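Take a walk through this structure, one part at a time. Start with the ligand, then turn to a helix and a sheet.

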Amino acid sequence: MRFGLPLSIMSRSSEHPVHVVVIGSGFGGLFAAKAFRRRRDVRVTLIARTTHHLFQPLLYQVATGILSTGSIAPSTREVLARQANAEVLLGEVTGIDLERKSVTHEVLGRVTQTPYDELIVAAGAGQSWFGRDDFADHAPGMKTIDDALELRGRIFGAFELAELAPTEAERERLLTFVVVGAGPTGVEMAGQIAELANRTLRRDFRRIDPRDARIVMLDAGPAVLPSFGADLGGAAQRRLESMGVEVLTSTKVVDVDSTGIVVEDSAGTRTRIECKCKVWAAGVQASPLAGLLAQQCGLPVDRAGRVPVEPDLSLQGHPEVFVIGDMMAKDQLPGVAQVAIQGAKYAAKVITARLDGRPSPAAFSYFDKGSMATISRFSAVMSAGPVRMSGFLAWVAWLALHILYIVGFKHRATTLLHWAVSFLGLGRTERAYTVQQVLGRRALQRIDPEHAPTLPEVATDEPESGAKP
Ligand SMILES: Cc1cc2nc3c(=O)[nH]c(=O)nc-3n(C[C@H](O)[C@H](O)[C@H](O)COP(=O)(O)OP(=O)(O)OC[C@H]3O[C@@H](n4cnc5c(N)ncnc54)[C@H](O)[C@@H]3O)c2cc1C
């Protein structure tokens, strides 16, 4: 535990506020920035590579046409508009210099350096294809708005192409959907694709019957929703199977191409599943910024690329740098929203205690509020302390909690409206997708530097974005 701390920090006033730089606008970054809203002696700069705060737990509903992107991704600038001591900068952080206390960020080739007094790094995690990044070409993950929109196009597009299929084999291939991963995201995706096929699209086609769709959910591990325990995992599996989803456990993916996926069971038998549409809902890899920080401190990262932190979430040897959320390795804590939110509030408490000359709070300790996952409309599983349930009541609890955590009244209202349409009726209001959304990711990867968009070089009279008081 540290007490008080640097005189230079303690003597800050509203004329010379402490500059807190926050990296990331996800759960960790946004809650960290907001935690300083009442502090006139703090100036916050939030740097993120997207202009929105993304509510990742509902990405699967964007992918399956229930919600619009705006419902789950409010503009960060708008969320912080009334917080006078906070500014928002768009940029990909490419470097953090712990010695010079400076962050390097970049947008369209324009590089900016932002110095900090205190730094909170909350850059989250990306998808991991377990060393086979080439799988991503054909089995996209689901971490961003781009991913969800691409998947929306691939899922609805598969039904469209099936309507045109010249042979039965091709029709079957197009109507086969494989979801890799039996964690919450895999369960939610498999359940929603089944609902699309069996309910939403039932009457929309003339040459195919969407109910013929084959939906496979597979996982290398032996159980569905392992973190929920055998009872709730079993309940989720039974519910999915009753909806027609084939669940394959102890089955790992060994190859993926554009027309199929090859899997291997625990006996070593390999099977090829012909399918056009695959969803990768397994594996996470911490932001490369975790490795970058670890390297500068001589620390090892864990298997998911996360950097170890001190009991107060700071980086070893750098009490002014905090790492929170999905990119920190601490006590085997899971990559969930509450870990990021509680970490953000805690890091802000440590900084404000220093500013006030108060003792640091006791070491960070995570309060597990429980977890939940939906399987279909009106069906979910929930585990919160002694309360463990599945079915309708768990779904109502899921509904209430998610509405509570969506940022902003506007977004809550539109989300409720979309849910009413989708859960009470047959419809899905967000079925639109474009060719660009489906093909854009791979096309962007092929842009050579000569054709990559950049900002023009201009002379500047402001040497550093963070230099002005
Ligand atoms: C599909 C899905 C479903 C989920 N469901 C649940 C759930 O039901 N319940 C639950 O508790 N958790 C769930 N999670 C996990 C939860 O969303 C994460 O644990 C949480 O978002 C972590 O917060 P974070 O702030 O660490 O990272 P994130 O929320 O991922 O935020 C990272 C931020 O950093 C930015 N960023 C990344 N790299 C850079 C860079 N180099 N420069 C600048 N900015 C950068 C990103 O743009 C983003 O703004 C889910 C995650 C996914 C992907």
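Domain 1 (7-127 + 285-356) and domain 2 (133-282 + 371-398) both give residues to the shell around the ligand, so the ligand lies between them. The domain bounds come from an automatic or database domain assignment. This is a predicted model: local features need pLDDT of at least 70, side-chain atom pairs count only at pLDDT 80 or more, and totals for chains, interfaces and linings use all residues. Residues are numbered from 1 along each chain as its sequence is written.

Look at the shell itself. It holds 32 residues, each with its C-beta atom, placed from the backbone, within 6 Å of the ligand. The closest are Gly24, Gly26, Gly28, Gly124 and Gly325. Several elements supply at least two shell residues each, among them helix H2 (27-35), strand S2 (42-48) and helix H11 (337-356). Helices (H or I, at least four residues) and strands (E, at least two) are DSSP runs, numbered from the N terminus.

Now find helix H10 (residues 288-297). Its buried residues are Leu289, Ala290, Leu293 and Ala294; buried means that 20 or more other C-beta atoms lie within 10 Å of the residue's own, with C-beta atoms placed from the backbone. Seen down the axis of H10, they fall within an arc of 140°, so they line one face of the helix. The arc is that of the directions from the helix axis to the C-beta atoms. Glycine 298 follows H10, and its phi is positive, near 70°.

Last comes a sheet. Three strands form an open, antiparallel sheet in the order S12-S13-S14. Two strands pair if DSSP finds at least two bridges between them. Strand S12 (252-257) and strand S14 (270-274) stand at the edges, each with a single partner strand, so one side of each is left without a neighbour in the sheet.

Conventions:
A residue is buried if 20 or more other C-beta atoms lie within 10 Å of its own, exposed if 12 or fewer, and partly exposed in between; C-beta atoms are placed from the backbone.
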